[in-house]
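Please take a look at the chain shown here. This report walks through its overall build and then a few local features.

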Amino acid sequence: NWATGVTVTVTAVDNDIIDGTPRTCTVQSAAPTTSDDPNFADLTISPVTVTVNDDDVAAIIVEPTNLTVFEPDSTATFTVRLASRPTAIVSVPLSLDPAANVCGVATGTVDIAPDQWQTGVDVSIWAVDDLVSGNRTCTVLTGDPSSADALYNALNAGDVDDVTVQVIDDETPQVIVLPTAITAPEGDEQA
């Protein structure tokens, strides 16, 4: 194999941490060459510099972004997780669209610790029973994330998906006529 050489494979370690700019490492022989041929014994092999490009990004993932709940009180769950391991807790504020008071959310802020980045945090939502007939929609709005991790702190609400919740109504539309019986005399009199 002297004419073709030997291929050495170098594999980057995927560490799930945002490293930012490309990093380099040097691959070099631990000792001079050994050979029975004196022409190839005790040679120093030149080091090879390897550039490692990072594939990790700061992103907040919300799944699923469309849910359905049923009046009077059914629940559903969505998960908020991160695309990479942060260096500090990442907080994502949640609020409800004030125009539609037909669902509730279990928390006002989701705090994701560095060791929770892959699994995330589950958030429960539920239907709020009302007396209005017809299905309604509410939205769980995400706010600007905050963190001591500068890359996650640089994200804003537009970088995080909201959750749309379809609330299926339990009221049956009806018309109620009262009283149900009237006595009317003959003639010009009205009851």
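What follows covers the whole chain, then strands, then loops.

**Overall build**

The model is predicted. The protein chain holds one helix and twelve strands. Along the sequence the order is β-β-β-β-β-β-β-β-β-β-β-α-β. Eleven strands thus come before the helix, and one strand comes after the helix.

How does the radius of gyration of the protein chain stand against that of a compact globule of 191 residues? The globule would have a value near 16 Å, whereas the protein chain has 32 Å. The box around the C-alpha atoms fits with this picture: along the principal axes, the box is roughly 135 × 35 × 20 Å.

Burial and contacts come next. Of the 191 residues in the protein chain, 26% are buried. Among contacts with a separation of 6 or more, 67% link residues that are 24 or more positions apart.

The accessible surface of the protein chain is about 12,600 Å². Carbon and sulfur atoms supply 52% of that surface. On charge, the protein chain carries 29 negative side chains and 4 positive ones. The centres of these two sets are 9 Å apart.

**Strand pairs**

Two strands, β4 and β8, can be described by face and by partner.

Start with β4, residues 66-70. Leu67 and Val69 form its covered face. Asn66, Thr68 and Phe70 form the uncovered face of β4. Which strand does β4 join through five bridges? The partner is β12, residues 163-168, and the two strands run parallel. One bridge pair is Asn66 of β4 with Thr164 in β12.

Now β8, residues 109-112. Val110 and Ile112 sit on its covered face, while Thr109 and Asp111 sit on the uncovered one. β8 is joined to β6, residues 90-96, by four bridges. Here the strands run antiparallel. Within this pair, Val90 has Ile112 of β8 as its bridge partner. Ile112 therefore appears twice in this account: on the covered face of β8, where covered and uncovered follow from relative accessible area, and as the bridge partner of Val90.

**Loops**

Two cis peptide bonds flank β4 in the sequence; the table lists both.

| Cis peptide bond | Omega | Loop holding the proline |
|---|---|---|
| Glu63 and Pro64 | about -15° | Pro64: between β3 (60-63) and β4 (66-70) |
| Glu71 and Pro72 | about 15° | Pro72: between β4 and β5 (75-82) |

Pro64 lies in the loop that leads from β3 to β4. Pro72 lies in the loop that leads from β4 to β5.

Two aspartates in other loops are worth a look. Asp42 is in the loop between β1 (23-27) and β2 (48-52). Its phi is near 60°, a positive value in a residue other than glycine. Is Asp42 buried or exposed? Asp42 is exposed, because its relative accessible area is 63% and the cut-off for exposed is over 50%.

Asp115 is in the loop between β8 and β9 (121-127). Asp115 also counts as exposed, because its relative accessibility is 63%. How far is Asp115 from Ser91 in sequence and in space? The two residues are 24 apart in sequence, and their C-alpha atoms are 14 Å apart.

Key:
Residues are numbered from 1 along each chain as its sequence is written. This is a predicted model: local features need pLDDT of at least 70, side-chain atom pairs count only at pLDDT 80 or more; totals for chains, interfaces and linings use all residues. Side-chain values use heavy atoms; hydrogens and water are left out. The radius of gyration is taken over C-alpha atoms; the globule rule is 2.2 Å times the number of residues to the power 0.38. Buried means under 20% relative accessible area, exposed over 50%, partly exposed in between (1.4 Å probe, protein chains only). Contact means heavy atoms within 4.5 Å. Accessible areas come from the Shrake-Rupley method with a 1.4 Å probe; for residues, only the protein chains shown count as cover. Lys and Arg count as positive and Asp and Glu as negative; His and the chain ends are not counted. The place of a charge is taken as NZ of Lys, CZ of Arg, CG of Asp or CD of Glu. Two strands pair if DSSP finds at least two bridges between them.
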